[in-house]
Amino acid sequence: MFIVEGCGEKAFAPLSLTADGKALSELDSNEEWLNAALGGGASLPGRLKVNCRVTTRIRGIRVLSSGQRSVEYEAYASNDEKVLIKALRRHEPDNAEHLVLDYLTEKNFRWSPQLLCSVLFDGAPYLLITKFIEGLPAATEYVSSSFTRSVESTKALGSNIGKTLVDLHATLLECDAAWCRPEPISENDIRSWLRRLSWRAAWLREKAPHMLPSHDRALLSEAADSLEELAGDLEPLAERLMGTPKMRIHGDLHLYQVMKDSNDNVYFIDFGGEPYKTPASRLEKEPAVRDLAALARSLDYAGMMGEQLRTGGSLLQVTSWPPEDLLTWESETFKVILDSYVSEANSRGLGNLYDGIGALFFWLVERASYEAVYEIAARTGYHYVPLNALLRYRDGNDRLVSLIRSLA
Ligand SMILES: Nc1ncnc2c1ncn2[C@@H]1O[C@H](COP(=O)(O)OP(=O)(O)OP(=O)(O)O)[C@@H](O)[C@H]1O
Ligand SMILES: [Mg+2]
């Protein structure tokens, strides 16, 4: 069995019976099968498309992490280099991660995984083999920093994130293929982005109540009201994006996808876009400032996680009544990233990257609305973070929002 279909989705199920016939094993964890696949001998005629920069043999495969959407293996390539194999488990033709990684690798962009091989199955990425990045997610530092409310402890990291993000955007801005070429934002784009908000508000009202316990219903309905109200208010702000560039961006830039090594270098990983990007496609181009909004939202998650550790409270408790100094911490840590981004873009003559900065609040709400749908649909238990953020954004009692609104 290699591919299964159901519930409107296709999933990779690369399974085979073990030699004793008693169990199933995942083919891509098997050295022999994997090397045969890379060499074009995986007995899946015409369906696998292998593209390797150099002939690569893989050995020493070990599972690193395994989730609903992918399995990550660490392994070694022929030259003893440590590599990461991302084996996707969903067949998603609108996932352009192989294209982005290939482009960035060609451009010698240093702060993303260097692509060694990609394997597509029926036109969608199935295996991505990249150089291994030794580091830890930036999120862990922000969670500890929120715990102690120390802005100082993440200043160097935040400043590096801002600078490296300009480097990423500057590289993507030069991309000239149809899937990545920057284009001016049209009235239609703005309408469709605004429609995301009303679509998600309706989803929170109609679909989400069946997916959460009944005690969450009041919060859901208030979040849906907030989102609808915000959607109306944000129209003029979104209109300001008209004519500014939309481009290929990271698209799902939260702090667990920002890695930091021991020399304080920052790397961005996982260019697969947002897994539940409805009602939109992951191939849509968007303005660079949306990645900044994603980081701002991620700081809210980090802040709330730090607060949970500090108080021992539940996620519902800490997100419902966040103390003022926590919201100040969120706003100040974001300001470090934002200031560094703007000054780096300016010094490189790339002011057009933050042309859309006046609409940052729109993207903050748009991203929170995405998160609300994602956390509920994926049943992560984190839905309280974006739902309560939407309430604060509507009521205007959020420091980060004051900061962001002052840019408009
Ligand atoms: N090049 C790399 N070097 C080292 N570790 C990596 C690399 N790429 C991914 N990882 C590790 O694998 C994990 C999952 O990778 P990634 O985010 O790309 O997959 P995913 O399917 O989107 O998973 P998730 O849904 O958890 O985000 C990362 O959090 C990181 O720990
Ligand atoms: Mg990821």
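Trainee: What makes glycine 396, just after H11, notable in its phi?

Mentor: Glycine 396 follows directly on H11 and takes a positive phi of about 75°. Helices (H or I, at least four residues) and strands (E, at least two) are DSSP runs, numbered from the N terminus. This is a predicted model, in which local features need pLDDT of at least 70 and side-chain atom pairs count only at pLDDT 80 or more, while totals for chains, interfaces and linings use all residues. Residues are numbered from 1 along each chain as its sequence is written, chains are lettered from A, and ligands are numbered from 1 in the order in which they are written.

Trainee: How do you know that the span of H11 agrees with its 12 residues?

Mentor: The expected span of a helix is 1.5 Å times one less than its number of residues. For the 12 residues of H11 this gives 16 Å, and the end C-alpha atoms are 17 Å apart, which agrees.

Trainee: Why is tyrosine 393 called buried?

Mentor: A residue is buried if 20 or more other C-beta atoms, placed from the backbone, lie within 10 Å of its own, exposed if 12 or fewer, and partly exposed in between. Tyrosine 393 has 24 other C-beta atoms within 10 Å, and is therefore buried. Tyrosine 393 is part of helix H11, a helix that is mostly covered, with nine of its 12 residues buried.

Trainee: Which residues does tyrosine 393 touch, and what covers the buried residues of H11?

Mentor: Two residues are in contact if their C-beta atoms, placed from the backbone, lie within 7 Å. Leaving aside residues up to four places away in sequence, tyrosine 393 touches Ser226, Leu230, Val365, Ala368, Asp398 and Val401. The cover over the buried residues of H11 includes H6, H7, helix H8 (315-320), H10 and helix H12 (399-405).

Trainee: Where does H6 bend, and how do you know that its span agrees with its length?

Mentor: The bend at a residue is the angle between axes fitted to the seven residues ending there and the seven starting there. In H6 a kink of about 45° lies at aspartate 233, shortly before proline 236. Helix H6 (residues 217-239) has 23 residues, which should span 33 Å, and its end C-alpha atoms are 33 Å apart, so the two values agree. The buried residues of H6 include Ser226, Leu227 and Leu230. Its buried residues pack against helix H5 (187-206), helix H10 (360-377) and helix H11 (384-395).

Trainee: What does H4 show by comparison with its expected span?

Mentor: Helix H4 (residues 155-173) has 19 residues and reaches 27 Å from first to last C-alpha, close to the 27 Å expected. Among its buried residues are Leu157, Lys163 and His169. The buried residues of H4 pack against helix H3 (138-148), strand S14 (258-260), strand S15 (266-268), helix H7 (289-311) and helix H9 (324-347).

Trainee: Why is aspartate 80 called exposed and aspartate 270 buried?

Mentor: Aspartate 80 has 8 other C-beta atoms within 10 Å, and therefore counts as exposed. Aspartate 270 has 20 C-beta neighbours inside 10 Å, and therefore counts as buried. Aspartate 80 lies in the loop between S7 and S8, while aspartate 270 is in the loop between S15 and H7.

Trainee: What makes the backbone of these two aspartates, and of proline 279, worth noting?

Mentor: Most residues other than glycine have a negative phi, and most peptide bonds are trans. Aspartate 80 has a positive phi of about 70°, and aspartate 270 one near 60°. The peptide bond from threonine 278 to proline 279 is cis, with omega near -5°. Proline 279 lies in the loop between S15 and H7.

Trainee: Which residues come nearest to ligand 1, and which domains supply its shell?

Mentor: A residue is near a molecule or strand if its C-beta atom, placed from the backbone, lies within 6 Å of it. Of the 16 residues around ligand 1, Ser70, Leu84, Pro113, Ile133 and Asp270 come nearest. The shell draws at least three residues from each of domain 1 (3-131) and domain 2 (136-405), with domain bounds taken from an automatic or database domain assignment. The C-alpha centres of domain 1 and domain 2 lie 29 Å apart, and 15 residues of domain 1 are in contact with 19 residues of domain 2.
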